[in-house]
Amino acid sequence: LRLAAFLGLADAGGYAVLVGDWTAQAAALRALVEPHLFVVNPVAGVPSGAGISGILADTGLPLAAGRARALAVDASVDGDGLGRALETLRPGGRLVAPAGLPVPAGVTELARDEAVWVAERDAAAAGLVPLARGRL
C-alpha cells in the first residue's frame with residue numbers, strides 16, 4: 001500500500017516500472033492497482049502475466065522514453081543508471097529511490113525518510129513556437 005501511494009498509482013492507465021528488489025512487491029502491488037507493471041531484473045519468484053511483464057536488462061531500461069507513469073529503483077542502480085532510468089519517466093511521473101542515492105536534476109523531491117525518497121519528474125520545457133506573417 002505504501003509503495004502504491006509513493007508511486008501515485010491510485011487510478012488506471014499507463015504503466016509503472018519496478019527495478020531489482022522492488023520487483024518482490026509486484027504481485028501485492030498489482031492486487032491493489034490497475035496500471036500494468038514492468039519488472040526489470042526481477043528477484044526469484046516474481047510472477048509474469050496478469051498485468052506483470054518481466055524484463056532482463058544489463059544496462060538502462062529498454063522502454064520508451066517519457067512514457068512510464070512511475071518508477072521504483074533499488075540500490076543496484078547507481079547515479080548514472082538513475083539518470084538513464086529517469087528518461088523513461090513521463091513529466092509529472094513519480095520516482096522512488098534509495099535514500100543513499102542523490103536526487104538527480106530534473107525531478108522535485110516530495111518526501112524522504114531513512115530508507116527512500118520520493119520525487120516527481122519536472123514538466124518538460126515547452127519549445128518555442130515559430131510565428132510567421134503571411135496571408136491566409
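Start at the N terminus and follow the chain: its elements run α-β-α-β-β-β-α-β-β-β. That comes to three helices and seven strands. Keep in mind that this is a predicted model.

**The whole protein**

Show the C-alpha atoms first. They fill a box of roughly 65 × 35 × 30 Å along the principal axes. Now switch on the surface. The protein exposes about 7,700 Å², and carbon and sulfur atoms supply 55% of that area. Of the 136 residues, 39% are buried. Colour the charges next. There are 11 positive and 13 negative ones, and their mean positions lie 14 Å apart. Contacts tell something about the chain's path too. Among those between residues at least 6 apart in sequence, 39% join residues at least 24 apart.

**The sheet**

Hide the surface and show the strands as ribbons. In what order do the seven strands lie in the sheet? Read across it and you get 3-2-1-4-5-7-6. The sheet is open, and its pairing is mixed. Select residues 52-55 and 107-112 to mark the edges: these are strand 3 and strand 6, and each pairs on one side only. Look at how the strands sit against their neighbours. On average, neighbouring strands are turned by 20 degrees against each other, direction ignored. In general, strands of a sheet pair through backbone hydrogen bonds, either parallel or antiparallel.

**Strand 1**

Select residues 15-19. This is strand 1. Is strand 1 mostly covered or mostly open? It is mostly covered, with five of its five residues buried. Check both faces. Tyr15, Val17 and Val19 are on one side, Ala16 and Leu18 are on the other, and all are buried.

Now look to either side of strand 1. Residues 36-40 form strand 2, which pairs with strand 1 in the parallel sense over five bridges. Click Leu18: its bridge partner in strand 2 is Val39. Then turn to residues 68-72, strand 4, which also pairs with strand 1 in the parallel sense, over three bridges. Click Val17, and you will find its bridge partner Leu71 in strand 4. Ala16 has its own partner there, Ala70.

**Strand 4 and onward**

Stay on strand 4. Five of its five residues are buried, so strand 4 is largely enclosed by the rest of the structure. Move across to strand 5, residues 89-98. Four bridges join strand 4 to strand 5, and the two run parallel. Return to Ala70. Opposite it in strand 5 stands Arg94. Ala70 is also the bridge partner of Ala16, so a selection of Ala16, Ala70 and Arg94 steps from strand 1 through strand 4 to strand 5.

**Helix 3**

Select residues 79-86. This is helix 3. Which strands does helix 3 lie across? They are strand 4, strand 5, strand 6 and strand 7, the last being residues 116-121. Against strand 5, helix 3 runs at about 155 degrees.

Zoom in on Gly83 within helix 3. At 29% relative accessibility, Gly83 counts as partly exposed. Draw a distance from Gly83 to Gly106. The two are 23 residues apart in sequence, and their C-alpha atoms are 9.3 Å apart in space.

**Trp117**

Go next to Trp117, in strand 7. Is Trp117 buried or exposed? Its relative accessible area is 0%, so Trp117 is buried. Draw a second distance, from Trp117 to Gly81. These residues are 36 apart in sequence and 16 Å apart in space, C-alpha to C-alpha.

**Two loop residues**

Finish in the loop between strand 2 and strand 3. Most residues other than glycine have a negative phi. Two stops in this loop show a positive one.

Select Asn41, which sits in that loop. Its phi is positive, about 55 degrees, although Asn41 is not a glycine. Asn41 is partly exposed, with a relative accessible area of 32%.

Then select Ala50, in the loop between strand 2 and strand 3 as well. Ala50 has a positive phi of about 50 degrees, and it is not a glycine either. Where Asn41 is partly exposed, Ala50 counts as exposed, at 72% relative accessibility.

Terms used:
Residues are numbered from 1 along each chain as its sequence is written. This is a predicted model: local features need pLDDT of at least 70, side-chain atom pairs count only at pLDDT 80 or more; totals for chains, interfaces and linings use all residues. Side-chain values use heavy atoms; hydrogens and water are left out. Two strands pair if DSSP finds at least two bridges between them. Axes are lines fitted to C-alpha atoms, for helices over the stretch in contact, and angles run from 0 to 180 degrees between N-to-C directions. Contact means heavy atoms within 4.5 Å. Buried means under 20% relative accessible area, exposed over 50%, partly exposed in between (1.4 Å probe, protein chains only). Accessible areas come from the Shrake-Rupley method with a 1.4 Å probe; for residues, only the protein chains shown count as cover. Lys and Arg count as positive and Asp and Glu as negative; His and the chain ends are not counted. The place of a charge is taken as NZ of Lys, CZ of Arg, CG of Asp or CD of Glu.
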